[in-house]
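Student: I am new to this structure, and I would like a close look at a single helix and its surroundings. Could you take me through one slowly?

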Amino acid sequence: MIKIEKISTFIIDIPTIRPHKLSMTSMAIQSMVIVRIRDSQGLEGIGEGTTIGGLAYGPESPESIKTNLDTYFIPLLCNKPLDSIKELMNMLNRSIRGNFIAKSAIETALLDLKGKQLGVPISTLLGGSCQNHISCLWVLASGDTSKDIAEAKEMLAQNRHCNFKLKIGANSLQQDITHATAVKAALGNEVSIRVDVNQAWNESTAIKGMAALQEAGIDLVEQPTPAKDFASLVRLSKKFNIPILADESILDKRDAFLLSRQGFSGSVALKIAKAGGLTAALDVAVVCAAAGVDVYGGTLLEGSIGTAAALHAWSTIPSMQWGTEMFGPLLLQDDFVKTPLNYQNNGVDVPTLPGLGLEIDEQKFTKYMRK
């Protein structure tokens, strides 16, 4: 019987290509928790747990993720048989509350290991891919209008991205509207522009903001109001033609059910990190499909490992109206995998090699490992 022999965790710090400004923080370095699980036959699976801006975004930080993995997760998993990943994850969910990013990192590593054992990509373990190339937008978050416009035009010229999302909410409402309107006007009607408010508005501000954004031709507004204010999201989705994307509101399939039952007519951002893993994120997608709610492939700005894991999951979903934002690795100055993900033709290819389809460059891994 093949068992889990060893689990190791590391924090990897890589600078970003430019400061990435959100409503609640600005980041210039991304810190990723990397999990490496080795089985009793010597094969290794890798996973990633990543969040944004330490504790500015949510209740887990890189340091807490690593500490909790080392203290609570690893003792539960070591020497356990690898027959059933689902049973291992059920055991973790019974024993450990929350810690969804940590759980996602563990499940990713287990799936990578199982895929390597069987010689198949993770998408096959999840039922099989429906697509081998997934659309991917680029987030404009420099905080400077002229820089954002120049950045977008460069991406369009390279045929790397044709849809863009603006991070707003940190400035006054008028500044944000002026910024979004200017970017949309500069890029034209052929380019889709969305905005992410990251919960920065109350409902009255959102009413003013969404009216102006709708008039400016913005295509989508992400999480305008606080996460658990479901009622405001429902009212706003009924009041405006411009669609709303619920992100921080939806952690699991129960959240998706409750929001859709209240009459929400927008879309839902899936993230493997906030759901607690690939299978849990796909459970959210199933609930959304049953409720007639569209889904979108979201990111917590993971590096190549976390991004590849999400791509395997999203590839099994037949339709994603708004595409994805799996651009995380492109925001980093460097990578620690031997062959990076292939971004081309306004999207990214889904890996086809066994497991995640990635291999760690040990020299670069050591270079960026937090000592």
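Tutor: What follows looks at one helix, then at the core and at one residue elsewhere in the chain.

This is a predicted model, in which local features need pLDDT of at least 70 and side-chain atom pairs count only at pLDDT 80 or more, while totals for chains, interfaces and linings use all residues. Residues are numbered from 1 along each chain as its sequence is written, and side-chain values use heavy atoms, with hydrogens and water left out.

Helix α2 covers residues 85-95, and its buried residues are Ile85, Leu88, Met89, Met91 and Leu92. Helices (H or I, at least four residues) and strands (E, at least two) are DSSP runs, numbered from the N terminus, and buried means under 20% relative accessible area, exposed over 50%, and partly exposed in between, with a 1.4 Å probe and protein chains only. Seen down the axis of α2, these buried residues fall within an arc of 155°, so they line one face of the helix; the arc is that of the directions from the helix axis to the C-beta atoms. On the face turned away from that buried side, α2 carries the exposed residues Lys86 and Arg94. The cover over the buried residues of α2 includes β1 (4-21), α1 (62-77) and α3 (100-118), where contact means heavy atoms within 4.5 Å.

One of these covering elements, α3, leads on to the core. The largest nonpolar core has 123 residues, and those with the most contacts inside it are Ile106 and Trp314; such a core is a set of buried Ala, Val, Leu, Ile, Met, Phe, Trp, Tyr and Cys residues joined through side-chain atoms within 4.5 Å. To this core α3 gives the most, with eight residues. Leaving aside neighbours within four places in sequence, Trp314 is in contact with residues including Leu270, Ile272, Met320 and Met326.

Helix α12 spans residues 304-314, and Ser304 has its place there. Ser304 counts as buried, at 2% relative accessibility, and its side chain makes a polar contact with the side chain of Asp335 at 2.5 Å. A polar contact is a pair of N or O atoms within 3.5 Å; within protein, one must be able to donate a hydrogen and the other to accept it, and residues adjacent in sequence count only if both atoms are side-chain atoms. Ser304 and Pro329 are 25 residues apart in sequence, yet 5.4 Å apart in space, C-alpha to C-alpha.
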